[in-house]
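Student: I am new to this structure and would like a close look at one part of it. Please pick a sheet with the helices that pack on it, and go through it step by step.

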Amino acid sequence: MAQKNERNQEASVYIGNLDDRATDELIWELMVQAGPVVNVHLPKDRVTQSTQGYGFCEFQSAEDADYAVKIMNMVKLFGKPMRVNKSANDRRLLDVGAKLFIGNLDPDVDEKLLFDTFAAFGPLVQNPKIARDAASGNSKGFAFVAYASFEAADLAVEGMNGQYLANKPVSVNYAFKKDAKGERHGSAAERLLAAQARKNDPASVTPHPSASGGW
């Protein structure tokens, strides 16, 4: 039987931040909890045959893949939170500068809770980033969330600013640009560029050169 080379992108998920001990069989057992699995592929080093920290899982339907993203993203495997995203979204969910700063975080808030909370407002271009102490790994009390659109980011600011996460009310606002003193993301110029990019190519959003490369 010939191996099927074409993976159904809409029904596939990308799995990142995998521990070296992860195997195809283990990922299959995990992912089948979300729905029927067609194929699991973890690229391996040609010399050592060890996994390279990422892989793909194809489900029978796009709905199963969507469900896998919801329940498996940030689940810990061998102590490392897996990153689970839709493969088909990797190319079109690019950085438009819709980045939010989440402040006054309770120490008990983790990346999975932030993802579950903020992904409800729209697609994220990457997993939430909690600032953590390099030595202890403890949260510094703030995080960043980046959306694929300003519309979703606006909804998140409106819906979450002042709301309680765990035991503390969080502050939600557009993040300051890394290279511009005192200027926040979400400017009229950024919004115009994002709108033009979407108008020119609805399936893709082109990143703003000066807005990428940092928070």
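Tutor: What follows is a walk through one sheet, then its helices, then one residue, and last the whole chain.

The model is predicted: local features need pLDDT of at least 70, side-chain atom pairs count only at pLDDT 80 or more, and totals for chains, interfaces and linings use all residues. Residues are numbered from 1 along each chain as its sequence is written, and side-chain values use heavy atoms, with hydrogens and water left out.

The chain has five helices and 12 strands. These are DSSP runs numbered from the N terminus, of at least four residues for helices (H or I) and at least two for strands (E).

Start with the sheet. Its four strands stand in the order β2-β3-β1-β6, and this open sheet is paired in the antiparallel sense. The strands at its edges are β2 and β6, each of which pairs on one side only. From one strand to the next, the twist averages 20 degrees. Strands count as paired if DSSP finds at least two bridges between them; β2 and β3 have four, in the antiparallel sense. One residue to look for in this pair is N39, whose bridge partner in β3 is E58.

Next come the helices. Helix α1 lies across β1, β2, β3 and β6, and runs at about 145 degrees to β2. Helix α2 lies across β1, β3 and β6, at about 150 degrees to β6. Such angles run from 0 to 180 degrees between N-to-C directions, with axes fitted as lines to C-alpha atoms, for helices over the stretch in contact.

Helix α1, residues 24–31, has I27, L30 and M31 as its buried residues. (Buried means under 20% relative accessible area, exposed over 50%, and partly exposed in between, with a 1.4 Å probe and protein chains only.) Because these three cover an arc of only 90 degrees around the axis, they fall on the same side of α1; the arc is taken over the directions from the helix axis to the C-beta atoms. E25 and E29 are exposed on the other side of α1. The buried residues of α1 pack against β1 (12–16), β2 (37–41), β3 (54–59), α2 (62–72), β4 (76–77) and β6 (83–86). Contact here means heavy atoms within 4.5 Å.

Helix α2 holds D64. D64 counts as buried because its relative accessible area is 16%. Leaving out residues up to four places away in sequence, D64 touches A34, G35, P36 and F59. The side chain of D64 also makes a polar contact of 3.1 Å with the side chain of S61. A polar contact is a pair of N or O atoms within 3.5 Å; within protein, one must be able to donate a hydrogen and the other to accept it, and residues adjacent in sequence count only if both atoms are side-chain atoms.

Finally, the whole chain. Of its 215 residues, 43% count as buried. Of the contacts between residues at least 6 apart in sequence, 64% join residues at least 24 apart. The accessible surface comes to about 11,800 Å², and 51% of this belongs to carbon and sulfur atoms. These areas come from the Shrake-Rupley method with a 1.4 Å probe, and for residues only the protein chains shown count as cover.
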